[in-house]
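Reader: I am in my first year and would like a close look at a single part of this structure, taken slowly. Could you pick one buried side chain, explain what surrounds it, and then show me how other parts are arranged?

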Amino acid sequence: MFFPRLSRGEGFRVITGAAVGALMLATASAGKVVEYNWNLRPRRTPTSDPGLSPDCFLGRTMLLVEDSNPGPEIRAEVGDTVRIRLINHHPSEATSLHFHGLRQLNNVYNDGSSTATQCPVGPMQTQVYEFKAMDAGTHYWHGHLSMNRNDGFQGPLVITNLSDSNEVALEEKYVEDHVVFLQDWYHKTGQERRTGLDTNPFIWIGNGQTYLMNGKGRFGGCFNQSNGNPIIDESDMCDDACTAENYMAPIDVVANSTYRLRIINAGELVGVNFAIAGHKLTVVEAEGSLVEPFEVDNLDIMPAQRYSVLITANQDPGSYHITTSVMYRNLGPHLIG
């Protein structure tokens with residue numbers, strides 16, 4: 001099993017049984033309509049409902065589609081029509097929806113750039129986004145007004161092209177794909193940070209408090225592993241069950257099988273060096289384009305970049321840390337992943 005980790009590592013677990021994974025797939029016919037109905041709501045992580053917290057810290061307000069961070073995965077094939085009904089339940093904030101990596105040719109009004117190609121979706125309003133899936137590859141979607149995308153309003157977008165012989169040949173090399181969704185996570189909301197940036201004198205947003213992989217991480221102010229046991233430093237703002245088991249997102253794989261990891265850095269500021277202990281990475285896709293495969297020990301990935309790598313679980317069954325070492329920035333005392 002692979003375990004996610006910020007700067008110090010966390011996980012890839014090789015198991016001997018069946019692989020665990022869930023993919024949301026539409027019907028197999030070509031040119032189908034893929035529809036999603038999304039409810040966008042502000043949510044807070046009170047002590048009575050710590051399950052919404054991605055990193056043990058409670059009290060932060062988030063903006064979530066279907067109470068999920070990352071949000072639901074969009075998956076379609078080239079030629080499909082993707083239709084998303086976004087219902088904004090926020091009582092006071094507008095938003096929009098952008099599909100990062102898609103060109104949206106002749107369809108800019110569905111590109112989601114608020115005040116540029118569309119009016120925002122107002123509070124308690126609904127908008128239907130529709131586009132033809134044309135750009136195969138690993139992409140992501142996110143909110144596109146102010147800084148609300150980093151309140152949890154983002155998620156993966158994968159478009160496959162089964163008529164492309166190169167992609168068909170690539171798919172024959174692995175048994176399953178997994179999305180690895182990376183986020184730098186601030187305990188101040190996007191609106192709070194935006195207010196600071198707009199203030200005179202200027203207030204810089206600084207570093208995030210936690211780094212997340214697939215919506216999970218550990219805030220150092222709540223969790224300290226120096227003696228092997230959790231130490232609650234800010235008990236009034238921390239989930240009492242702040243353990244690695246509750247706040248990690250492992251990827252289960254089968255020994256001697258090959259997998260495709262679709263790595264998406266959806267972060268705001270933090271670039272990372274991505275690696276998996278004891279395993280080589282074979283890069284096969286960059287920014288939605290297939291590339292001539294090449295092998296690396298680790299991979300630098302900056303915000304908004306996407307890569308696909310092949311990984312073979314060729315080590316003894318066990319747990320292997322995924323490391324996401326922060327680059328070019330001072331981590332601060334709590335940014336441990």
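Author: Strands here are runs of at least two residues that DSSP assigns as E, numbered from the N terminus, and the model they are read from is a predicted one. With that in hand, we can place Gln118, which lies in the loop between strand β7, residues 97-100, and strand β8, residues 126-132. Gln118 has a relative accessibility of 9%, and because buried means under 20%, it counts as buried. Its side chain has polar partners: one polar contact, of 3.1 Å, joins it to the side chain of Gln127, and another, of 2.8 Å, joins it to the side chain of Tyr129. If we leave aside the neighbours within four places in sequence, the residues in contact with Gln118 are Ser96, Tyr109, Gly112, Ser113, Gln127 and Tyr129.

Another loop residue can be read in a similar way. Ser53 sits in the loop between β3 (33-44) and β4 (61-65), and at 1% relative accessibility Ser53 counts as buried. A polar atom of the Ser53 side chain lies 3.3 Å from the backbone nitrogen of Asp55, while the side chain of Ser53 also reaches the backbone oxygen of Phe57 at 2.8 Å. Apart from neighbours within four places in sequence, Ser53 is in contact with Thr45, Leu58, Lys216 and Tyr247.

From the loops we can turn to a sheet. Six strands form an open sheet in the order β12-β11-β14-β19-β16-β17, and their pairing is mixed. Strands β12 and β17 (289-296) stand at the edges, each with a single partner strand, so one side of each has no neighbour in the sheet. From one strand to the next, the twist averages 25 degrees.

At the β12 edge, strand β11 (residues 176-185) pairs with β12 in the antiparallel sense over 4 bridges, and Trp185 has Thr210 of β12 as its bridge partner. Although β12 is an edge strand, both of its faces are covered, with Thr210 and Leu212 buried on one side and Tyr211 and Met213 buried on the other. Elsewhere in the sheet, strand β16 (residues 281-286) and strand β19 (residues 306-312) also pair in the antiparallel sense, over 4 bridges, and there Val283 stands opposite Val309 in β19.

Technical notes. Residues are numbered from 1 along each chain as its sequence is written. This is a predicted model: local features need pLDDT of at least 70, side-chain atom pairs count only at pLDDT 80 or more; totals for chains, interfaces and linings use all residues. Side-chain values use heavy atoms; hydrogens and water are left out. Buried means under 20% relative accessible area, exposed over 50%, partly exposed in between (1.4 Å probe, protein chains only). Two strands pair if DSSP finds at least two bridges between them. A polar contact is a pair of N or O atoms within 3.5 Å; within protein, one must be able to donate a hydrogen and the other to accept it, and residues adjacent in sequence count only if both atoms are side-chain atoms. Contact means heavy atoms within 4.5 Å. Axes are lines fitted to C-alpha atoms, for helices over the stretch in contact, and angles run from 0 to 180 degrees between N-to-C directions.
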